[in-house]
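Hello,

Here is the structure I promised to pass on. Have a look at it, and then read on for what turned up.

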Amino acid sequence: MKKFILLALISIFASSVFSQTVDTRRKIEVNGTSEMEVTPDIIRIAISLKEYLKDNNSKKKVEINDLETKLYNAVQAAGIPKENLTINNISGYNNTWEKKKNPDFLVAKQYSIKVTDLNKYNQLMEALDPKSIQYTNIESYDYSGIEALKKELKVKALKLAKEKASYLAEALNNKVGEPLEIQEINNESYPQPMYRTNMMEFKTADSSSSPEIDFKKIKLNYQMRVVFEIIK
């Protein structure tokens, strides 16, 4: 008898707990999506300059100091702030013993340049000596107003989710209540830059023409998953 009463009490307690945890509210779940494409306006470019012999039959070479001076002058002429030009590495001077042993050792320096306009980059490249350029590539890129844009798109996606839930609920003669759950779904896309010309052609060409770079836009896409309560 005692066991029967104990089991009955446990059953009543379990039923009470279960009834307290089950959410009986009517709900609707929707997704709101907002997206935008923007063109990168902060681009960091790597350039490597290397000393070279003036001709095949001469040991006279164009010194790295002269190449660096030309680079600084080109940066200023393009209207790029001097603080946007930094040195990444000095590959030749890392092996000074080799330079002493071999006077013909050619020194190379790697630079990083931040630009906000690709036209300035093209202007810069046209002012440099093509023979001195080992390579140039894109290190990174970004959009200056991206944080403010992210907030704007998330708020817009959230409002669209509520709008969708509202007209769906109204179709059943109901209304949307308070949001019960909000989940952010991030679909940001940072594509790689696309080169219009071959870099090997650029490195070996004797002309002053520089490669054009075409950027795919940064695509920001935000989805907000929202669960609303449905009320009469």
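**What I found**

Of the contacts in the chain with a separation of 6 or more, 82% are between residues 24 or more positions apart, a contact being heavy atoms within 4.5 Å. Before you go further, please note that this is a predicted model, in which local features need pLDDT of at least 70 and side-chain atom pairs count only at pLDDT 80 or more, while totals for chains, interfaces and linings use all residues. Residues are numbered from 1 along each chain as its sequence is written, and side-chain values use heavy atoms, with hydrogens and water left out.

**Overall make-up**

The chain has six helices and eleven strands; these are DSSP runs numbered from the N terminus, with helices being H or I of at least four residues and strands E of at least two. Of its 232 residues, 34% are buried. Here buried means under 20% relative accessible area, exposed means over 50%, and partly exposed is in between, with a 1.4 Å probe and protein chains only. The chain exposes about 14900 Å², and carbon and sulfur atoms supply 52% of that area. Areas come from the Shrake-Rupley method with a 1.4 Å probe, and for residues only the protein chains shown count as cover.

**The cores**

The largest nonpolar core holds 33 residues, and Leu49, Leu71, Ile113 and Leu124 have the most contacts inside it. By nonpolar core I mean a set of buried Ala, Val, Leu, Ile, Met, Phe, Trp, Tyr and Cys residues joined through side-chain atoms within 4.5 Å. At least two residues of this core come from each of strand E2 (42-50), helix H2 (64-77), strand E6 (108-115), helix H4 (118-127), strand E7 (133-142), helix H5 (146-170) and strand E11 (218-231). H2 gives the most, with five residues. Leu71 is a good place to start looking: leaving out residues up to four places away in sequence, Leu71 touches Leu49, Leu85, Tyr111, Ile113, Leu124 and Leu128. There is also a second, separate core of eleven residues, with Val30, Ala157, Ala165 and Val226 among them.

**Helix H5 and its cover**

H5 has 25 residues, which should span 36 Å at 1.5 Å a residue, and its end C-alpha atoms are indeed 36 Å apart. (The expected span is 1.5 Å times one less than the number of residues.) Its buried residues are Ile146, Leu149, Lys150, Leu153, Ala157, Ala161, Ala165 and Ala169. Their cover includes strand E1 (27-38), E7, strand E8 (175-186) and E11.

**Strand E11 and its partners**

Ten of the 14 residues of E11 are buried, so this strand is largely enclosed by the rest of the structure. E11 pairs with E1 in the antiparallel sense over twelve bridges, where strands count as paired if DSSP finds at least two bridges between them. In that pairing, Lys27 stands opposite Glu229 of E11. E8 also runs antiparallel to E11, joined by nine bridges, and Pro179 has Phe228 in E11 as its bridge partner. Glu37 lies in E1; its C-alpha atom is 5.8 Å from that of Lys217, although 180 residues separate the two along the chain. Beyond its neighbours within four places in sequence, Glu37 is in contact with Lys217, Ile218 and Lys219.

**Salt bridges**

Seven salt bridges turn up in the whole structure, each being a side-chain nitrogen of Lys or Arg within 4 Å of a carboxyl oxygen of Asp or Glu. Three of them may interest you:

- Lys61 meets Glu51 at 3.5 Å, N to O. Lys61 is in strand E4 (residues 61-62) and Glu51 in the loop between E2 and strand E3 (52-53), so the pair ties together parts ten residues apart in sequence. Lys61 is buried at 15% relative accessible area, and Glu51 is buried at 2%.
- Lys154 pairs with Glu184, with the closest N and O atoms 3.3 Å apart. This pair links H5 to E8 across 30 residues. Lys154 is partly exposed at 26%, and Glu184 is partly exposed at 39%.
- Arg225 meets Glu181 at 3.1 Å, N to O, which links E11 to E8 across 44 residues. Arg225 is buried at 18%, while Glu181 is partly exposed at 38%. These two also belong to a salt-bridge network with Glu29.

Best wishes
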